[in-house]
Amino acid sequence: MESRHLLMISLGGVIGTGLFLSSGYTIHEAGPIGTILAYAVGAVIVYLVMLCLGELSVAMPQTGSFHVYADKYIGPGTGFTVAILYWLTWTVALGSEFTAAGLIMHTWFPNSPTWIWSLLFMIVIFTSNALSVRFFAETEFWFSSIKVIAIIAFIVLGALAIFGVLPIKGYTHAPLFHNLFRDGMFPNGVKGVFTTMLTVNFAFSGTELIGITAGETKDPEKNIPKAIHTTLLRLIIFFIGSITVMAALVPWQKAGVNQSPFVLVFNSIELPFAGDLMNFVVLTAILSAANSGLYASTRMLWSLAHEGMIPMKYAKTNSRGVPMIALVLSMLGGVLALISSVVAASTVYLVLVSISGLAVVIVWMAIAYSQINFRKQWLKSGHSVSELKFKTPWYPVVPWAAFILSFLSCVLIVFDPTQRPALFYMIPFIAACYAVYYGKKMLKKRS
C-alpha cells in the first residue's frame, strides 16, 4: 500500500455510520455545545492513542499488530483477548453494515427484497478483499474519496446557509449560530457529554486501522507517521466541522437517530435530489466500513494463527498474498451476525453489539499500555530513544493520558441506563477470553 491508500483507509475507517447517523443521537443527548465538546475530547483521545501506535508500528511493522504488541508487552492472555475483541468488533459491524446497505437500496427499489441487496454487497466486498491487498486498497481509496468530497460539500453548503447566502426552510434571516446557545451551554446537563463519549469513541473507531495495515505498507517509516500526524487535523475538520454545521442549522431537539442529520440539513436547504444524494453517500460509507472491517478482521485471524494462538491453517495465504481461510471465516462471522440481528435481535445480537461497542476503547487502552512497556523494555535493553524512527512525544504523559481517558470513557457509561448493559456483558466476556486462553494452555501442558 502507498501513502495515499494509507491516508484514505485511516480516514475511510473513521467516516462511517458513526458520523452520518449516530451524530444525531449525540446532538440530541448532549446538546450542540456538549456534542462539539464530546467530539473534541474524543479527537484528542484518538490522537494520543495514534501517537502510541505510531511508535509501536514503525518499530515493529506487523500485519494485524495490536494483539502482537499486547502479547509481547502486557501478556499473552491480553494479546489473545485484544485480538478476539477486535475481530468481534468488525465482524458484528459487518452484519449491521450489510443490513443497512440492503435497507437503503430498498428505499430506491421498494418492491425488491432487502436480503438480495445484502447478499449482492456481501459478494462485492468479499471479492474486493479476495483479489489482492492492492485491489482492496484501491477500492477503499475511491469509497473514502466519495465520503470526503460529500462532507466537504456539506460543510461548505451548510456554512453558506448559516450566513444566509443560501435560503433555509424555517428562516427568513441568516440563522448564524443562535441554535448553539439558545437553550444554554448544556440543555440536558453536563452528564450528557460524558454519557455520549462511548458513541463518540465508536464514531472514531477505525483510525487504528493504520496499525493493522503496517505490515503491508510500503515504506512504513515514512508513511505511517505522515498518516498519524494528519489524524487530529482531519478529525477536527470533518467531524467537528460537520457537527457545528448540523447543530447550527438543526435545533438539537429535532436531531435523533431516525434520520441522518445530514439528510435533514440538505432537505432544509431544499437542494434538488438531496435525499437521494445523501443516501448514496451513506451507502458508500457503509460499503467502505464493511470493506475495511472485513480486511481488519481477516488480518486479525491471520495474525492470531501466525502467533500460534489458533491453528496455523488460518495464516495460509494464496498466490496473491490473501489469507483466504481467514477471509472466509470472517465473512461467515459477518453473515452469522446478520442472521442473529434478525433471529435473536433482543438477545444474542444485543449482547454482541454491546460488547463490540466497548471493545475498540479497550483495544485503545491496550495500545497505550503496550507502548508504555515497550519504551521501558527498549531502554532496559540498552537502546536509546534517539534510535526510534518515530517517538511518542511527552512520554510517559501521552500514553498514560490515552490510557486513563479511554478507561474513563468506558466507566462513565454507568451513568447512562441505556448503555450500562454494555459493561455488564463486557466484563464476563473478557473473563471468558482469558479463561479460554489459559485453559487451553493448561491442557497443552498436561498433554
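What share of the 447 residues in this chain is buried? Okay, hi everyone, let's start there. Buried residues make up 57% of the chain. Keep in mind that we're looking at a predicted model.

So, the overall picture. We've got 19 helices and 0 strands. A compact globule with 447 residues would have a radius of gyration near 22 Å, and this chain has 22 Å, so the two agree. If you box up the C-alpha atoms along the principal axes, you get roughly 75 × 50 × 40 Å. The accessible surface comes to about 18400 Å², and 72% of that belongs to carbon and sulfur atoms. And here's one on contacts: take those between residues at least 6 apart in sequence, and 81% of them join residues at least 24 apart.

Now the inside. In soluble globular proteins, nonpolar side chains tend to be buried together. Here, the largest nonpolar core has 114 residues, and the ones touching the most other members are Phe 20, Phe 204 and Phe 239. Which helix gives the most to this core? That's α3, residues 22-59, with 17 residues. There's also a second, separate core of 14 residues, and among them are Leu 85, Ile 355, Ala 359 and Cys 410.

Let's zoom in on Phe 20. Skip its neighbours within four places in sequence, and its contacts include Ile 15, Lys 147, Ile 151, Pro 261, Phe 262, Met 278 and Val 281.

Phe 204 takes us to helix α10, where it is one of the buried residues. This helix covers residues 197-204, and 7 of its 8 residues are buried, so the rest of the structure largely encloses it. The buried ones include Met 197, Leu 198 and Val 200, but also Thr 199 and Asn 201. After α10 comes Gly 206, which has a positive phi near 125 degrees.

Next, a pair of helices. The axes of α12, residues 220-229, and α13, residues 231-249, come within 4 Å and cross at roughly 35 degrees. On the α12 side the contact uses Ala 227, Ile 228 and His 229, while α13 brings Thr 231, Leu 232 and Arg 234. Sort those residues by type and you have 3 nonpolar, 2 polar and 1 charged.

Right, on to helix α17, residues 348-380, which is where you'll find Arg 375. Is Arg 375 buried or exposed? Arg 375 has a relative accessible area of 5%, so it counts as buried. Leaving out residues up to four places away in sequence, Arg 375 touches Glu 55, Val 385, Leu 388, Lys 391, Thr 392 and Tyr 395.

Tyr 395 is worth a stop, as the peptide bond from Tyr 395 to Pro 396 is cis, with omega near 0 degrees. Pro 396 is in the loop between α17 and α18, and Trp 394 lies in the loop between those two helices as well. Trp 394 has a positive phi near 50 degrees, and it isn't a glycine. Trp 394 is exposed, at 70% relative accessible area.

Leu 176 has a positive phi too, about 50 degrees, and isn't a glycine either. You'll spot Leu 176 in the loop between α7 and α8, and at 40% relative accessibility it counts as partly exposed.

Last stop: His 306, in helix α15. His 306 is partly exposed, at 44%, and beyond its sequence neighbours up to four places away it touches Met 312 and Ala 315. That's me done, thanks!

How values were computed
Residues numbered from 1 in each chain as written. Predicted model: local features only at pLDDT ≥ 70, side-chain atom pairs only at ≥ 80, totals over all residues. Heavy atoms only, no water. Axes fitted to C-alpha atoms, helices over the stretch in contact; angles between N-to-C directions. Contact = heavy atoms within 4.5 Å. Nonpolar A, V, L, I, M, F, W, Y, C, P; charged D, E, K, R; others polar. Core = buried A, V, L, I, M, F, W, Y, C linked by side-chain atoms within 4.5 Å. Buried < 20%, exposed > 50% of the residue type's maximum accessible area, 1.4 Å probe, protein only. Rg over C-alpha atoms; globule rule 2.2 N^0.38 Å. Areas by Shrake-Rupley, 256 points an atom, 1.4 Å probe, with all protein chains shown as cover.
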